Amino acid sequence: MGREFLDLFEDWADSYDDTVAGKDAEYKDVFAKYEDILGEVVSRSNGTVVEFGPGTGNLTAKLSEAGLNVIPFEPSPEMRLIGQQKLGDKVSFLDGDFLEFKLGDGVDTIVSTYAFHHLTDEEKGKAFGIYGNLLAQGGKIVFADTMFETEQHYQAAIDQATDKGYLNLAEDLKREYYTTLEVLQRLLTAEGFTVDFQQMNNFVWVMEATKQ
């Protein structure tokens, strides 16, 4: 359920915002157009928004500033603390993840950035099933994450990172559960969603799935 990576978040929490700002050369391309990516997710969101994996709260802040009612679920205590410090009493960060969370009210949009790859493809399918039951017709899932057109594109990204000497990035790409547009489309269609994808940089796509 992605919680096997919590130790990584503990180590990364203090430097995460520097990484997304492009200060880590290995991940600069991954976080290229970061502000545009967050803005794209916000623009596609409405109503009550559940956010999974908010990390240090960068997207959370933008959703809140846009006047949306955002409910962020973050499994990492270290990330939750930083996010809560940023947002103060505007938003309450809750302990939860893509598959295990407690939600009282209805939800209109489910969002996430740079986090869904912590789930295996099987777990991704389970998550879409849960969200399909939560969302009414017209409700949306809007995720921005590293994903690839094909397995060949995925392997090419690993090879390119290795060739550049970006060994941390290459190891990250091999360790976590990055997937393809085809797999995501198949999993979403099975749960009654239509989906489209927009590429934002060499790694990240925005996926918008609408409940039919």
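**Notebook: salt bridges, a β-α-β unit and helix α9**

I counted the salt bridges before anything else; the structure holds ten. I note that the model is a predicted one.

**Entry 1. Arg44 and its partners**

I looked up the surroundings of Arg44. Glu40 forms a salt bridge with Arg44, and their closest N and O atoms are 2.9 Å apart. Both of these residues, Glu40 and Arg44, are buried. I then turned to Glu208, which also forms a salt bridge with Arg44, here with the closest N and O atoms 2.4 Å apart. Since Glu208 lies in strand β6 (residues 204-211) and Arg44 in the loop between α3 (34-43) and β1, the pair ties together parts that are 164 residues apart in sequence. Glu208 is buried, as is Arg44. I followed the connections further and recorded a network of salt bridges that links Glu40, Arg44, Lys140, Asp196 and Glu208.

**Entry 2. A salt bridge within α6**

I next examined Lys124 and Asp121, whose side chains meet in a salt bridge at 3.6 Å, N to O. Both residues lie in helix α6 (residues 121-134), three residues apart, which is about one turn of the helix. Are the two residues buried or partly exposed? I find Lys124 buried, with a relative accessible area of 2%. Asp121, at 31% relative accessibility, counts as partly exposed.

**Entry 3. Strands β1 and β2**

I checked how strand β1 (residues 48-52) pairs with β2, and found the parallel sense, over five bridges. Glu51 has Pro72 as its bridge partner in β2. I traced the connection as well: β1, helix α4 (residues 58-65) and β2 make a right-handed β-α-β unit. Strand β2 (residues 69-73) is mostly covered, with four of its five residues buried.

**Entry 4. The two sides of α9**

Which residues of helix α9 (residues 181-190) are buried? I listed Leu181, Val183, Leu184, Leu187 and Leu188. These residues cover an arc of only 160 degrees around the axis, which puts them on the same side of α9. On the other side of α9, I recorded Glu182, Arg186 and Ala190 as exposed. I then asked what covers the buried residues of α9. The cover includes α6, β4 (140-146), β5 (193-199) and β6. Two of these elements came up above: α6 holds Lys124 and Asp121, and β6 holds Glu208. Lastly, I looked at what comes after the helix. α9 is followed by Gly192, whose phi is positive, near 85 degrees.

Definitions and conventions. Residues numbered from 1 in each chain as written. Predicted model: local features only at pLDDT ≥ 70, side-chain atom pairs only at ≥ 80, totals over all residues. Heavy atoms only, no water. Buried < 20%, exposed > 50% of the residue type's maximum accessible area, 1.4 Å probe, protein only. Helix = DSSP H or I, 4+ residues; strand = E, 2+ residues; numbered from the N terminus. Pairing = 2+ DSSP bridges. Right-handed = clockwise from strand over helix to strand, strands pointing away. Salt bridge = Lys/Arg side-chain N within 4 Å of Asp/Glu carboxyl O. Arc of directions from axis to C-beta. Contact = heavy atoms within 4.5 Å.
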